[in-house]
Amino acid sequence: EMSNADRQLDELRRTVREVYTPFYADINDTVGEGIATFADRLYTKKVIGRAVMNTNNYRKIINEFQAGLTWLQSIKDIEDYCQNFIDALAALEGQAVGAAKNLKKGWRDAVWERQGILFLLDQQQPREENEGTEVTDGMSLEEPKIQTQTNDFPDIDRPDPN
């Protein structure tokens, strides 16, 4: 039987995958000739392996990215993994910067709406090291605990759109 924490991580992985799906074709077009650079950056960040990097095949890169989510065991690990993907995309510059911003916003909004979790991507205040070990981060799926505005989270009602 799965624990609540395991179910929450599975739902987070599923959300990341589902949100990416409508971006697939547009990001493929945006990456275009920059596929080798994109693959190299993902490899450097340990998002994909060398064999996939050398294929310069967008479908294989995305399949490996999505498969890699399976092995991540904390919210912080998934945040870092997704941030590495966004960073590799944004580093291509030009239209890829807009694609990265839209994907980041899509992930943040969907995770907040579906799970009530602030998905910390590119934040000024990173999740504490020990925070990633407690999967629920003080929030359960059944009874989300929503804080009022604090200095820690200036806009708790919605994730930062940046």
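Okay, let's start with one residue: Tyr-24 is partly exposed, because its relative accessibility is 27%, and partly exposed is the band between buried, under 20% relative accessible area, and exposed, over 50% (1.4 Å probe, protein chains only). Tyr-58, by contrast, is buried at 5%.

Before going on, a word on what we're looking at. This is a predicted model, where local features need pLDDT of at least 70 and side-chain atom pairs count only at pLDDT 80 or more, while totals for chains, interfaces and linings use all residues. Residues are numbered from 1 along each chain as its sequence is written, and side-chain values use heavy atoms, with hydrogens and water left out.

How confident is the predictor? pLDDT is its confidence in each residue, from 0 to 100. The mean here is 81, and 75% of the residues reach 70 or more. Over residues 129–156, though, the pLDDT is below 50, and this stretch still has 36 contacts in the model beyond near neighbours in sequence. Contact here means heavy atoms within 4.5 Å.

Now the general layout. The protein has seven helices and zero strands. Both are DSSP runs numbered from the N terminus: helices are H or I with at least four residues, strands are E with at least two. Of the 162 residues, 42% count as buried. And among contacts with a separation of 6 or more, 64% are between residues 24 or more positions apart. As for the outside, the protein exposes about 9100 Å², with carbon and sulfur atoms supplying 46% of it; those areas come from the Shrake-Rupley method with a 1.4 Å probe, and for residues only the protein chains shown count as cover.

Next, the aromatic rings. Rings of Phe, Tyr and Trp (its six-membered ring) pair if their centres lie within 6.5 Å; planes under 30 degrees apart are stacked, over 60 edge-to-face, and the rest tilted. How many aromatic pairs does that rule give? The count is nine. One of them is Tyr-24 with Tyr-58, a tilted pair with 4.9 Å between centres and 55° between planes. Tyr-24 sits in helix H2 (residues 24–31) and Tyr-58 in helix H5 (residues 58–68), so this pair links parts of the chain 34 residues apart.

Then there's Phe-38 with Phe-85: their ring centres are 5.5 Å apart and their planes meet at 80°, so that pair is edge-to-face. Phe-38 belongs to helix H3 (residues 35–44) and Phe-85 to helix H6 (residues 75–90), so parts 47 residues apart in sequence are tied together. Both Phe-38 and Phe-85 are buried. These four rings are in one aromatic cluster that also includes Tyr-20, Phe-65, Tyr-81 and Trp-107.

Let's stay with H6 for a bit. Its 16 residues should span 22 Å, because the expected span is 1.5 Å times one less than the number of residues. The C-alpha atoms at its ends are indeed 22 Å apart. Is H6 enclosed or open? It's largely enclosed by the rest of the structure, because 12 of its 16 residues are buried. Among them are Ile-78, Tyr-81, Cys-82 and Phe-85. The cover over those buried residues includes helix H1 (4–20), H2, H3, H5 and helix H7 (95–115).

H6 also matters for our next topic, the largest nonpolar core. A nonpolar core is a set of buried Ala, Val, Leu, Ile, Met, Phe, Trp, Tyr and Cys residues joined through side-chain atoms within 4.5 Å. This one has 40 residues, and those touching the most other members are Ile-27, Phe-38, Ile-61, Ile-78, Phe-85, Trp-107 and Phe-119. Each of H1, H2, H3, helix H4 (50–53), H5, H6 and H7 supplies at least two residues, and H6 gives the most, with eight. Beyond residues up to four places away in sequence, Ile-61 touches Ile-35, Phe-38, Ala-39, Leu-42, Ile-48 and Val-52.

Over in H1 we find Thr-15, which counts as buried because its relative accessibility is 0%.

Last stop, the loops. Lys-45 and Lys-46 are both in the loop between H3 and H4. Lys-45 is partly exposed at 42%, whereas Lys-46 is exposed at 71%. Lys-46 also has a positive phi, near 65°, in a residue other than glycine. Asn-56, in the loop between H4 and H5, has a positive phi of about 50° and isn't a glycine either.

Key. pLDDT = per-residue confidence, 0-100.
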